[in-house]
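Visitor: I should like to go through this model with you, beginning with its surface and then turning to its interior. Please explain each term as it arises.

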Amino acid sequence: MCSSDLASHWLQALSDPRVVEVILRTLGLALLVTLLDILLIVPAIYWQWIHNPRIRPHLELTAAIPFVLPYVVIAFGILSLSGQFLPAVQGTVGLLALSHGVVAFPFFYWAVDNAMAAADVALLNEAAKTCGASPWRILAQVILPNISAGIATGSMLVFAVSFNEFALVQILVGARYETVSLYSLDLLTGTNADFNKLAVITVFTFGIVFSLSALSVYLNRGQGQTRQLMVGSRSKV
């Protein structure tokens, strides 16, 4: 296939309003899920490390559940639970975003938890407290800069999970909120299957995830040497 044919396939796919809407919708959802996990999980892990280590087994158990249960089972469980207590949220993007945040929680939790362990946040917290810093100031100005690599890695994994997830989208919202995964299935199995568009969307998805992985590696550069220096200096002390 010549380059002109490839270019025409890309132009044809990206000029389709449905393709553009699907991509933008999926990007928006993945960004929302990533932001939710950052805002909710980072303070929870910090609280676990500093104020209440007893909740660690509960968080670890919660982080294991998405690996044990299939996403289909989780989706029907969320559907049943929300139907009993909050039926108004069924079929909404908010419920879908929270569900994606739940299944992506383990990836973000372990990345940030390991980063906090490597940075020795307990020692950093004590040092900041002796300087009179408030808990939120400690978290924002001391802890976050030292665990930025873990947050970047966890965010990349959360984004990738949400961007490519299928079962939760299909069961919780269906065609009302068509994402890349649902549209790809439609292109593959529909009567008007368009494999050229499917190829474009697949390459586009790979490009996004690969770019995020490269960005995560770039943000993590030098972190290993920095941590080794920190550990070495602490051991000398």
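Guide: Patches are made of residues with over 30% relative accessible area and no salt bridge, like charges being joined within 9 Å and nonpolar side chains (Val, Leu, Ile, Met, Phe, Trp, Tyr) within 5 Å. Accessible areas come from the Shrake-Rupley method with a 1.4 Å probe, and for residues only the protein chains shown count as cover. The model is a predicted one, in which local features need pLDDT of at least 70 and side-chain atom pairs count only at pLDDT 80 or more, while totals for chains, interfaces and linings use all residues. Residues are numbered from 1 along each chain as its sequence is written, and side-chain values use heavy atoms, with hydrogens and water left out.

Visitor: Which residues make the nonpolar surface patch, and what is its area?
Guide: Helices (H or I, at least four residues) and strands (E, at least two) are DSSP runs numbered from the N terminus, and α3 provides the largest share of the patch, three residues. The patch is made by Ile-65, Phe-67, Val-68, Leu-69, Val-73 and Trp-110, with an area of about 560 Å².

Visitor: Is Val-68 buried or exposed?
Guide: Buried means under 20% relative accessible area, exposed over 50%, and partly exposed in between (1.4 Å probe, protein chains only). Val-68 is found in helix α3. Because its relative accessibility is 63%, Val-68 counts as exposed.

Visitor: How many helices and how many strands does the protein chain have?
Guide: From the N terminus on, the elements run α-α-α-α-α-α-α-α-α-α-α-α. The count is twelve helices and zero strands.

Visitor: What percentage of the contacts with a separation of 6 or more lies between residues 24 or more positions apart?
Guide: Contact means heavy atoms within 4.5 Å. In the protein chain, among contacts with a separation of 6 or more, the share of residues 24 or more positions apart is 78%.

Visitor: Which helix gives the most to the largest nonpolar core?
Guide: A nonpolar core is a set of buried Ala, Val, Leu, Ile, Met, Phe, Trp, Tyr and Cys residues joined through side-chain atoms within 4.5 Å. The largest such core has 39 residues, of which Val-42, Leu-96, Phe-108, Val-112, Met-116, Ile-143 and Ile-147 touch the most other members. At least two residues each are supplied by α2 (17-50), α3 (56-68), α4 (71-85), α5 (93-119), α6 (121-130), α7 (135-146), α8 (148-164) and α9 (167-172). With twelve residues, the helix that gives the most to this core is α5.

Visitor: Which residues does Met-116 contact, leaving aside neighbours within four places in sequence?
Guide: Met-116 is one of the core members that touch the most others. Its contacts beyond those neighbours are Val-42, Ile-45, Tyr-46, Trp-49, Val-121, Ile-143 and Ile-147.

Visitor: Is Asn-125 buried or exposed, and what is its relative accessible area?
Guide: Asn-125 has its place in helix α6. Not counting residues up to four places away in sequence, Asn-125 touches Tyr-46, Ile-50 and Ile-138. Asn-125 is buried, with a relative accessible area of 3%.

Visitor: What is the phi of Asp-120?
Guide: Most residues other than glycine have a negative phi. Asp-120 is found in the loop between α5 and α6 and is partly exposed, with a relative accessible area of 28%. Although Asp-120 is not a glycine, its phi is positive, at about 55°.

Visitor: What is the N to O distance in the salt bridge of Asp-16 and Lys-197?
Guide: A salt bridge is a side-chain nitrogen of Lys or Arg within 4 Å of a carboxyl oxygen of Asp or Glu, and by this rule there are six. Asp-16 and Lys-197 are both buried. For the salt bridge between their side chains, the N to O distance is 2.4 Å.

Visitor: Why does this pair tie together parts far apart in sequence, and how many residues separate them?
Guide: Asp-16 lies in the loop between α1 (3-14) and α2, whereas Lys-197 lies in helix α11 (residues 195-219), so the parts tied together are apart in sequence by 181 residues.

Visitor: Which residues are joined into one network by salt bridges that share partners?
Guide: Glu-178 forms a salt bridge with Arg-18, the closest N and O atoms being 2.6 Å apart. The side chains of Arg-18 and Asp-186 also meet in a salt bridge (3.2 Å, N to O), linking helix α2 with helix α10 across 168 residues. The network consists of Arg-18, Glu-178 and Asp-186.
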